[in-house]
Amino acid sequence: MERLFIIIGALSGAIGVAAGAFGAHALRARLEPRMLDVFETGARYQMYHAIAMLAAAWIVSRFPGSLANASGWLFLAGSVLFSGSLYAMALTGIRALGAITPLGGVCFIAGWACLALAAMRR
């Protein structure tokens, strides 16, 4: 699991950098400022949680168990739901996609809680 979380975290970080660059260069002239902010928030949180995924890999190696594993999967789910919904909303203009975003936020919070609990239980 450690290796998988490192791979996912590294790829997520690469996608986050690409999304940030895409937003800053290709979308600046195409999106209204509010939607550009939404897109940039998705990229920023994807980067934060790419790093969190690397932390999850470290916790899995140091304190193996279901909570450590859950943290990594929750960070991945949060990135897909939170950042993915913000990217989709900004690019399509379909504001109803914003209803998905809080589910990703809950996954992020749960992932951080699992990470803390995994470390505290050892």
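**Exercise 1.** In this predicted model, W112 has 42% relative accessibility; determine whether W112 counts as buried, partly exposed or exposed.

*Solution.* Buried requires under 20% relative accessible area, and exposed requires over 50%. At 42%, W112 therefore counts as partly exposed.

**Exercise 2.** Classify the aromatic pair of F75 and W112, and locate both residues.

*Solution.* The search of the whole structure returns nine aromatic pairs. In the pair of F75 and W112, the centres are 5.1 Å apart and the planes make an angle of 65°. Planes over 60 degrees apart count as edge-to-face, and this pair is accordingly edge-to-face. F75 lies in helix α3 and W112 in helix α4, 37 residues apart, and the pair thus links distant parts of the chain. F75 is buried, at 0% relative accessibility.

**Exercise 3.** Carry out the classification for F82 and F108.

*Solution.* The centre-to-centre distance is 5.5 Å and the angle between the planes is 55°. This angle makes the pair tilted. F82 belongs to helix α3 and F108 to helix α4, with their positions 26 residues apart in the numbering. F82 is buried at 12% relative accessible area, and F108 is buried at 4%. Both residues belong to one aromatic cluster with Y45 and Y48.

**Exercise 4.** Describe the extent of helix α4 and the packing of its buried residues.

*Solution.* Helix α4 covers residues 101-120 and has 20 residues. From first to last C-alpha it reaches 29 Å, close to the expected 28 Å. Its buried residues include G104, C107, F108 and L115. The buried residues of α4 pack against α2 (33-62) and α3 (66-92).

Notes
Residues are numbered from 1 along each chain as its sequence is written. This is a predicted model: local features need pLDDT of at least 70, side-chain atom pairs count only at pLDDT 80 or more; totals for chains, interfaces and linings use all residues. Side-chain values use heavy atoms; hydrogens and water are left out. Helices (H or I, at least four residues) and strands (E, at least two) are DSSP runs, numbered from the N terminus. The expected span of a helix is 1.5 Å times one less than its number of residues. Buried means under 20% relative accessible area, exposed over 50%, partly exposed in between (1.4 Å probe, protein chains only). Contact means heavy atoms within 4.5 Å. Rings of Phe, Tyr and Trp (its six-membered ring) pair if their centres lie within 6.5 Å; planes under 30 degrees apart count as stacked, over 60 as edge-to-face and the rest as tilted.
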